[in-house]
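Open your viewer, turn on the cartoon view and get ready to click along. Each stop tells you what to select and what you will find there.

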Amino acid sequence: MTIERYEGPRDALQALFGLADDSPLQIAVYVGLGDVLVARQEGAIIGHVQIIATDEPGVLELKSLAVLAEHRGRGIGRDLVEAAVAFSRERRARSLVVSTATADIGNLRFYQRRGFRMTRIVPDAFRPETGYADGLMVDGIVLRDQVFFELRLAD
């Protein structure tokens, strides 16, 4: 498996973006932003990570991360996050932030195991007005709130 910067059309990655976010409305807002790194196996794209600028100088955001279902559990997501961290350090970012649903227990664990720390919660971020279907469930928990994590890269 290799990880490289993606230069092709973003619509070719639509399925991966859809795995990472349940809102086509939200995806449409950010799909063209920032940089995307892809994981390839035998030439085929099997995962991606998107890194975008934030309004805060020196802070980048890991906006989208997904690995095709049949390739999960092999450390590819971990490797993509490590590549995003290296990419951010090369750009002299002082921190990398990421957000996920408070209902997504797997993601909460995943990011904390990578060294990210929780910084804030946004109540009711996932609702029909923001492009998310009412009553969506993750791990048996109603999708409602968003949590932000930060990984400090430099002081």
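This tour goes from the sheet to the core, then to one buried histidine, some charged pairs and two loops. Keep in mind as you go that this is a predicted model.

**Stop 1: the sheet**

Begin by colouring the strands. Seven of them form an open sheet with mixed pairing, in the order S1-S2-S3-S4-S5-S9-S6. Now select residues 2–5, which are strand S1, and 117–122, which are strand S6. These two strands stand at the edges with a single partner strand each, so one side of each has no neighbour in the sheet. Turn the view to look across the strands: on average, neighbours in this sheet are turned by 25° against each other, direction ignored.

Zoom in on S1 and S2. The two run antiparallel and are joined by four bridges. To see one bridge pair, select Glu-4 together with its partner Val-38 in S2. Then bring helix H3 into view: H3 packs on the sheet and touches S1, S2, S3, S4, S5 and S9. Compare H3 with S4, and you will find that their directions make an angle of about 160°.

**Stop 2: the nonpolar core**

Which residues touch the most other members of the largest nonpolar core? Select Leu-62, Leu-96 and Tyr-111 to see them; the core has 27 residues. Several elements supply at least two residues each, including strand S3 (44–53), strand S4 (59–67), strand S5 (95–101) and helix H4 (105–113). Helix H3 (76–90) is also on that list, and H3 gives the largest share, with seven residues.

Stay with Leu-96 for a moment and show what surrounds it. Beyond its neighbours within four places in sequence, Leu-96 is in contact with a set of residues that includes Ile-51, Leu-62, Val-85, Phe-116 and Phe-149. Another core, of ten residues, lies apart from the largest one; to find it, select Leu-13, Ile-27, Val-38 and Ala-66, which are among its members.

**Stop 3: a buried histidine**

Select His-48, which lies in strand S3. Is this side chain's residue buried or exposed? His-48 has a relative accessible area of 0%, and because buried means under 20%, His-48 counts as buried. Now add Ser-64: the side chains of His-48 and Ser-64 are joined by a polar contact of 2.8 Å. Leaving out residues up to four places away in sequence, His-48 also touches others, among them Leu-16, Phe-17, Val-36 and Leu-80.

**Stop 4: charged pairs**

The model holds ten salt bridges in total, and a few of them make good stops.

- Select Glu-4 and Arg-40. Their side chains meet in a salt bridge of 2.5 Å, N to O. Glu-4 sits in strand S1 and Arg-40 in strand S2, so to speak distant parts of the chain, 36 residues apart. Glu-4 is partly exposed at 33% relative accessibility, and Arg-40 is partly exposed at 23%.
- Select Arg-5 and Glu-7. The closest N and O atoms of this salt bridge are 3.6 Å apart. Arg-5 is partly exposed, with a relative accessible area of 44%, while Glu-7 is exposed at 65%. Add Asp-35 to the selection, and you have a network of salt bridges linking Arg-5, Glu-7 and Asp-35.
- Select Arg-94 and Glu-56. Here the closest N and O atoms are 2.6 Å apart. Arg-94 is in the loop between H3 and S5 and Glu-56 is in the loop between S3 and S4, so this salt bridge ties together parts 38 residues apart in sequence. Both are partly exposed, Arg-94 at 25% and Glu-56 at 43%.

**Stop 5: two loop residues with positive phi**

Finish with the backbone. Most residues other than glycine have a negative phi. Where does Asp-124 lie? Look in the loop between S6 and strand S7 (137–138). Asp-124 has a positive phi, near 55°, without being a glycine, and Asp-124 is partly exposed at 43% relative accessibility.

Last, select Asp-139, in the loop between S7 and strand S8 (141–142). Asp-139 is not a glycine either, and its phi is positive at about 55°. With a relative accessible area of 51%, Asp-139 is exposed.

How values were computed:
Residues numbered from 1 in each chain as written. Predicted model: local features only at pLDDT ≥ 70, side-chain atom pairs only at ≥ 80, totals over all residues. Heavy atoms only, no water. Core = buried A, V, L, I, M, F, W, Y, C linked by side-chain atoms within 4.5 Å. Buried < 20%, exposed > 50% of the residue type's maximum accessible area, 1.4 Å probe, protein only. Contact = heavy atoms within 4.5 Å. Polar contact = N/O pair within 3.5 Å; in protein donor to acceptor, adjacent residues only side chain to side chain. Pairing = 2+ DSSP bridges. Axes fitted to C-alpha atoms, helices over the stretch in contact; angles between N-to-C directions. Salt bridge = Lys/Arg side-chain N within 4 Å of Asp/Glu carboxyl O.
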